[in-house]
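Please open the model in a viewer and keep the sequence panel at hand. The stops below are meant to be selected in order.

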Amino acid sequence: MGKLGERMERNAFLIHKKIHQYILPGVLMTVAMQLGNVVDGMIVGNLLGPEAMAAIELSMPVLLLLQMPAMMLAMGGAAEAAVLLGKRKTKEAGGIFTVSLLAGIGLALIFALMTPIMPGILSQALAGNELMAALVKPYIAVNFAGIPILTAAIICCYFMNTDNHPQLGSALFIIANAVNLVLDFVFLKVFHLGMAGSALSTVIGYLTGMVTVLCYMRSKNRMLRFTKPGGSLVKYIKMAAAAGIPSAAFTLMSALKSVIINSAIVRFLGNDPMAVYSVCANAVLIAELCVGGIIGLVPNIAGILYGERDYYGIRALCKRVLTYSYLAIAVLMVIFFLFPQAIAGLFGITGGDMLVMCNMALRIFACSFPFYVYNKFLMSYYQTILQSGLATVITLLQGFVVIVPFTLLAMFWAGFTGVCAAAAAGEIVTILCSILYRVQGQKRGHIPGGGQYMLPQVTNEVSLDFSMENQFEDITLFRDEVLDFCVENGIGEKDARYLALALEEMTANIVKYGYRSGQKNYMDISFTIQDEKYILRIRDDGVPFNPLEQEIAKEGPVVGGIALIRKIMSDFQYTRVLNMNNTIMELKMHDGEKQ
């Protein structure tokens, strides 16, 4: 094909551009979420004392269990919806959204009805003494009562991220945590509401952040609509729940891990080590703050690419996500090694034996960050491509099966130093065990092949995948190249002319009207022969334009051309996903078979 053949290759321009567009909202959302939690702990530690900060850590298992249905339905439902949108099944995706939200709120209301009974019972079970129980009970009680609000916010956020609106998802958490932190000072410093005030500020913050959901509902660019699911409601709930099993397992294992490890530390090592351990737990939140928004690109983008079978795009995405994540975590590790005293001081630990212990603990904990990042990436990726079994195995290993025995054995062998060292050891063993499990599963056929990313080698179809720059002089050249491809693969002359015409008309429309800035851009084009039909897909990130909304009767150079293509194609579909136009045209073989 000569020089043109070299240009007629797929590149990662659009994927990288989409990463850079989505990364800021994702990072802002994670920063707001985790910084809110971290600063919340700082405020409580400085205004109410280290014991109150330890009480929040003791309460975490209950908070995690309360949020478990929301996380399962949000992450699982959004993953299913992303793949369905990639397959252009918008009605089914809307059904998943509708059922996930309703089921989550229904379960949350049941939890809220338990507010008069459960907090007292749970606080006695979690706390090692009456002082801690008195601090834990009001904090848990407010979270029980406010869980319907948090559930609605969490589920809406994940679906907004999937459905072209990551800015609104991040705005929800930014507003929620900004209000939370302001109210923390008001409720604790002015009104002296204690632990109940700290929890109440969180609930009110998320209620305020829900204003972004109203903006989403009014958006013209959203693909997910409230839809009465066709068939059984149970079917849709099972779909969302099955995809969300890793999230539920992570939440459940985190809760059990917290109960066991926190109880062991507070009972065998005392309140001071428990306060230092709560700072280390916040250190993990700081690591999440640095990389969570970057890794969050995987569920936001990879699910739709997987539904579209864009395996090149998935590999490009994963490579860039891991690169950015490790750059961020390297900077964080340097800060933890050089300035642990400053970090401890932020949580109200400023001197004495507790400061010495905290400095040591933070440096050791920082060694676990690189391995934590890799495990988190794999869990997120496997859940996104609906390999929930493998994601669940990693979750169980990381969240409980490995870390809890390691921590308990290390604590009785080396005291609090052993507890800190077990964090890094547990992450490393999790990686090794998960790799062994995946490789063995792939050899036996229980897990799909395709290496670490499980991307199949497509052998039963002929395809041409390339990226074309948005300039008119390339349109005719690429059209002729597609015609040559049709000849090489025995496609009939009539079908080849139709396909070349469709490519020329649609790309010319995009070049002329799609980009207003005049900047260099690319379209990703895929031409596939499969199942007695030809499939031509054109993806661009120009201005939103749905060809199906144009009336065929209208005349004009643009609309008339599109109208012609719609008439000659067997099927013509359009979706707006990842804030990109996806136009999919199918043509049945008119010549009966390839020549």
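At which residue does α3 bend, and by about how many degrees? In this predicted model, select α3 and look at Gln67: the helix bends there by about 45°. A proline, Pro69, follows within four residues. Now show the surroundings of the helix. Of the 37 residues of α3, 30 are buried, so this helix is largely enclosed by the rest of the structure. Just after α3, select Arg88, which takes a positive phi of about 70°.

**The nonpolar cores**

Next, display the largest nonpolar core, which has 140 residues. Its members that touch the most other members are Phe336, Phe369, Phe377, Tyr381 and Tyr382. The largest share of this core, 18 residues, comes from α3. A second, separate core has 32 residues, among them Phe466, Phe485, Leu503 and Met506. In soluble globular proteins, nonpolar side chains tend to be buried together.

Return to Tyr382 and show its contacts, leaving out residues up to four places away in sequence. Tyr382 then touches Gln387, Ser388, Leu390, Ala391 and Ile394, and also Arg438, Gln452 and Met454.

**Helix α18**

Several of those contacts lead to the next selection, α18. Ten of its 14 residues are buried, so α18 is largely enclosed by the rest of the structure. The buried residues are Ser388, Leu390, Ala391, Thr392, Val393, Ile394, Thr395, Leu397, Gln398 and Gly399. To see what covers them, add α10 (233–243), α11 (245–269), α17 and α19 (403–444), which are included in the cover.

Within α18 (residues 388–401), centre the view on Thr395. Is Thr395 buried or exposed? Its relative accessible area is 1%, under the 20% cut-off, and Thr395 is therefore buried. Apart from neighbours within four places in sequence, Thr395 is in contact with Pro246, Ala249, Phe250 and Met253, as well as Met379 and Phe400.

**Helix α5 and Leu126**

Move to α5 (residues 118–126) and select Leu126. This residue is buried, with a relative accessible area of 8%. Draw a C-alpha to C-alpha distance from Leu126 to Val259: the two are 133 residues apart in sequence and 6.9 Å apart in space. Val259 is also one of the contacts of Leu126 when neighbours within four places in sequence are set aside. The others are Leu58, Ser59, Pro61, Val62, Ile140, Ser263 and Arg267.

**Cavities and pockets**

Finally, turn to the empty space. How many cavities of 30 Å³ or more are there? The count comes to three. The second largest cavity holds about 100 Å³ of space. To outline this cavity, select Met75, Ala78, Ala79, Tyr158, Thr162, Pro299, Asn300, Ser380, Gln383 and Thr384. The elements that give two or more residues to this lining are α3 (50–86), α6 (130–162), α13 (297–307) and α17 (369–384). By class, five lining residues are nonpolar, five are polar and none is charged.

The last stop is the second largest pocket, with about 290 Å³ of space. Twelve residues line this pocket, and Lys220, Asn221, Asn546, Glu549 and Tyr574 are the closest to its centre. Colour the pocket lining by class to see four nonpolar, three polar and five charged residues.

Technical notes:
Residues are numbered from 1 along each chain as its sequence is written. This is a predicted model: local features need pLDDT of at least 70, side-chain atom pairs count only at pLDDT 80 or more; totals for chains, interfaces and linings use all residues. Side-chain values use heavy atoms; hydrogens and water are left out. On a 1 Å grid over the protein atoms alone, a cavity is a set of points where a 1.4 Å probe fits but cannot get out, and a pocket is an open set with protein on both sides within 12 Å along at least five of seven lines; lining residues have an atom within 4 Å of a point. Grid points are joined across faces, edges and corners, and a volume is the space filled by probe spheres set on the points. Ala, Val, Leu, Ile, Met, Phe, Trp, Tyr, Cys and Pro count as nonpolar, Asp, Glu, Lys and Arg as charged, and the others, Gly among them, as polar. Buried means under 20% relative accessible area, exposed over 50%, partly exposed in between (1.4 Å probe, protein chains only). Contact means heavy atoms within 4.5 Å. A nonpolar core is a set of buried Ala, Val, Leu, Ile, Met, Phe, Trp, Tyr and Cys residues joined through side-chain atoms within 4.5 Å. The bend at a residue is the angle between axes fitted to the seven residues ending there and the seven starting there.
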